[in-house]
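Q: I'm new to reading protein models. Can you walk me through how to look at one?

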Amino acid sequence: MDDEKAICRICGFKPSERPGGEKGSEPTYGICKCCGAEPGHGDSSPEAIKSSREKWIREGMAWRSKTEPQPENWDPEWQLLNIPGEYSDFIRKNGIYLQPKLGVAEWAFGRGNALKYLDILRAKKIPCLGGDVIAEGKDGAFGYTHDNWHHEKGTGDSQEKYANDSIAKAIKYIKNYQEKTGGEYYYVMVAGLRPSEMLLSGR
Ligand SMILES: [Zn+2]
């Protein structure tokens with residue numbers, strides 16, 4: 001994480017991503033441009049921060065500043081991954097954000113990290129609904145291979161069985177794909193919960 005002090009603890013917005021402060025790189029401690037949180041209000045304790053954050057999420061994760069326009073391609077789900085946690089830390093560290101490469105607000109992992117990511121989902125009992133395979137061209141550009149998989153919940157399956165079966169299928173797919181093709185690929189997976197939903201459910 002670049003500069004944790006600069007990140008809004010409520011919505012994860014990073015003011016340092018734009019010029020701010022006297023010396024340009026200094027964090028600004030004013031009202032958060034994104035969620036409108038004011039220092040000293042709603043951030044006095046971890047509980048207060050959590051409750052302010054849940055309120056912002058439930059109200060639709062809106063960009064609140066009237067004076068500063070919403071950044072281009074702004075993605076509140078990706079922004080919420082700035083909030084420290086096992087899941088968010090893993091994605092921030094190992095995931096490749098596809099907005100700049102493919103124009104989609106998703107993230108991809110190389111094979112090894114894709115398998116580790118599935119372990120995290122399994123531990124949290126979150127299913128993997130499916131995924132897409134992405135290839136990197138010689139020029140470094142990313143493109144869909146149009147190979148993909150998906151898993152549907154069986155009738156009467158418990159959430160745990162759903163999570164376990166879907167993750168087993170994802171692991172099998174990724175391992176087979178690698179064996180079959182022999183190349184290095186990236187995998188975009190659809191988790192059963194978005195980062196915002198994960199924060200709301202306490203995972
Ligand atoms: Zn904020």
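Q: Let's start with a pair of helices: which residues of H5 meet which residues of H6?
A: Keep in mind that this is a predicted model. On the H5 side you'll find Arg111, Ala114, Leu115, Leu118, Leu121 and Arg122, and they meet Ala163, Asn164, Ile167, Ala170, Ile171, Ile174 and Gln178 of H6. Sorted by type, the residues of this contact come out as 9 nonpolar, 2 polar and 2 charged.

Q: How do I describe the way two helices pack?
A: Two packed helices are described by the angle between their axes and by the distance between those axes. Here, the axes of H5 (residues 111-123) and H6 (residues 159-181) come within 10 Å and cross at roughly 175°. Angles over 145 degrees count as roughly antiparallel, so that's what H5 and H6 are to each other.

Q: What does the rest of the chain hold, and in what order do the elements run?
A: There are 7 helices and 5 strands in the chain. Starting at the N terminus, the order is α-α-α-β-α-β-α-β-β-α-β-α. Of its 203 residues, 29% count as buried.

Q: Now a single residue: where is Met61, and how many C-beta neighbours does Met61 have inside 10 Å?
A: Look in the loop between helix H1 (46-58) and helix H2 (76-80). Met61 has 18 such neighbours, so it counts as partly exposed; buried would take 20 or more.

Q: Which residues does Met61 touch, leaving out those up to four places away in sequence?
A: Trp56, Pro76 and Ser196. As for Glu136, its C-alpha atom is separated from that of Met61 by 33 Å, and the two residues are 75 apart along the chain.

Methods
Residues are numbered from 1 along each chain as its sequence is written. This is a predicted model: local features need pLDDT of at least 70, side-chain atom pairs count only at pLDDT 80 or more; totals for chains, interfaces and linings use all residues. Axes are lines fitted to C-alpha atoms, for helices over the stretch in contact, and angles run from 0 to 180 degrees between N-to-C directions. Helices (H or I, at least four residues) and strands (E, at least two) are DSSP runs, numbered from the N terminus. Angles under 35 degrees count as roughly parallel, over 145 as roughly antiparallel, 65 to 115 as roughly perpendicular and the rest as oblique. Two residues are in contact if their C-beta atoms, placed from the backbone, lie within 7 Å. Ala, Val, Leu, Ile, Met, Phe, Trp, Tyr, Cys and Pro count as nonpolar, Asp, Glu, Lys and Arg as charged, and the others, Gly among them, as polar. A residue is buried if 20 or more other C-beta atoms lie within 10 Å of its own, exposed if 12 or fewer, and partly exposed in between; C-beta atoms are placed from the backbone.
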